[in-house]
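Here are my notes on the structure you sent over. They are numbered so that you can check each point against the picture.

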Amino acid sequence: YEPLLMGPWRLWLVRKVDETGVSGTGRIAAGVQFQDGSCALRWHTSKRSTAVYGSHADLMAIHAHDG
């Protein structure tokens, strides 16, 4: 066991345009990135859920919608 010296780091998923009409705009999810690079994301939509991703790149590939 090694204690975490830094992190987890907080992150926000912010959308300017909601292409699907599901999640809305603005800060739509909050999350953390852990020291190993994995991320957890909690959605602030009416159907709240939490998801875990292997990396920040994976999270962005799924949810960024080209920026």
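1. Start with Leu13. Leaving aside residues up to four places away in sequence, Leu13 touches Gly26, Arg27, Ile28, Ala29, Leu41, Trp43 and His63. Leu13 belongs to strand S1, which covers residues 9-15. Keep in mind that this is a predicted model.

2. Is Leu13 buried or exposed? Its relative accessibility is 7%. Buried means under 20%, so Leu13 counts as buried. Along the chain, Leu13 and Leu59 are 46 residues apart, and their C-alpha atoms are separated by 9.8 Å.

3. Which residues make up the largest nonpolar core? There are nine: Leu11, Leu13, Ile28, Ala29, Cys39, Leu41, Trp43, Tyr53 and Leu59. At least two residues of this core come from each of S1, S2 and S3. S3 gives the largest share, with three residues. As a general point, nonpolar side chains in soluble globular proteins tend to be buried together.

4. Leu41, one of the core residues, has a list of contacts that is worth tracing in the picture. Not counting residues up to four places away in sequence, Leu41 touches Leu11, Leu13, Ala29, Ala30, Gly31, Ser49, Thr50, Ala51, Tyr53, Leu59 and His63.

5. Why is strand S3 described as largely enclosed by the rest of the structure? S3 spans residues 39-43, and four of its five residues are buried, so the description follows.

6. Now the pairing of S3 with strand S2. S2 covers residues 26-33, runs antiparallel to S3 and is joined to S3 by five bridges. Within this pair, Gln33 stands opposite Cys39. The two strands form a hairpin with five residues between them, and Gly37 in this hairpin takes a positive phi near 100°.

7. S3 also pairs with strand S4, residues 50-53. This pairing is antiparallel too, and has four bridges. Here Arg42 stands opposite Thr50 in S4. S3 and S4 form a hairpin as well, with six residues between the strands.

8. The loop between S3 and S4 contains Thr45. Do not assume that a loop residue must be exposed: Thr45 has a relative accessibility of 14% and therefore counts as buried. Apart from residues up to four places away in sequence, Thr45 touches Val22, Ser23 and Ile28.

9. On the aromatic rings, the count of aromatic pairs comes to zero. One ring does have a charged residue over its face: Arg27 lies over Trp12, at 4.0 Å from the ring centre. Arg27 is also among the residues that Leu13 touches.

10. Finally, the chain as a whole. How many helices and strands does the chain have? The chain has one helix and four strands, and from the N terminus on the order is β-β-β-β-α. Of the 67 residues in the chain, 28% are buried. Among contacts with a separation of 6 or more, 20% are between residues 24 or more positions apart. The chain exposes about 5,000 Å², and carbon and sulfur atoms supply 55% of this area.

How values were computed: Residues numbered from 1 in each chain as written. Predicted model: local features only at pLDDT ≥ 70, side-chain atom pairs only at ≥ 80, totals over all residues. Heavy atoms only, no water. Buried < 20%, exposed > 50% of the residue type's maximum accessible area, 1.4 Å probe, protein only. Contact = heavy atoms within 4.5 Å. Areas by Shrake-Rupley, 256 points an atom, 1.4 Å probe, with all protein chains shown as cover. Pairing = 2+ DSSP bridges. Phe/Tyr/Trp six-rings, centres within 6.5 Å; stacked < 30°, edge-to-face > 60°. Lys NZ or Arg CZ within 6 Å of the ring centre and 35° of its normal. Core = buried A, V, L, I, M, F, W, Y, C linked by side-chain atoms within 4.5 Å.
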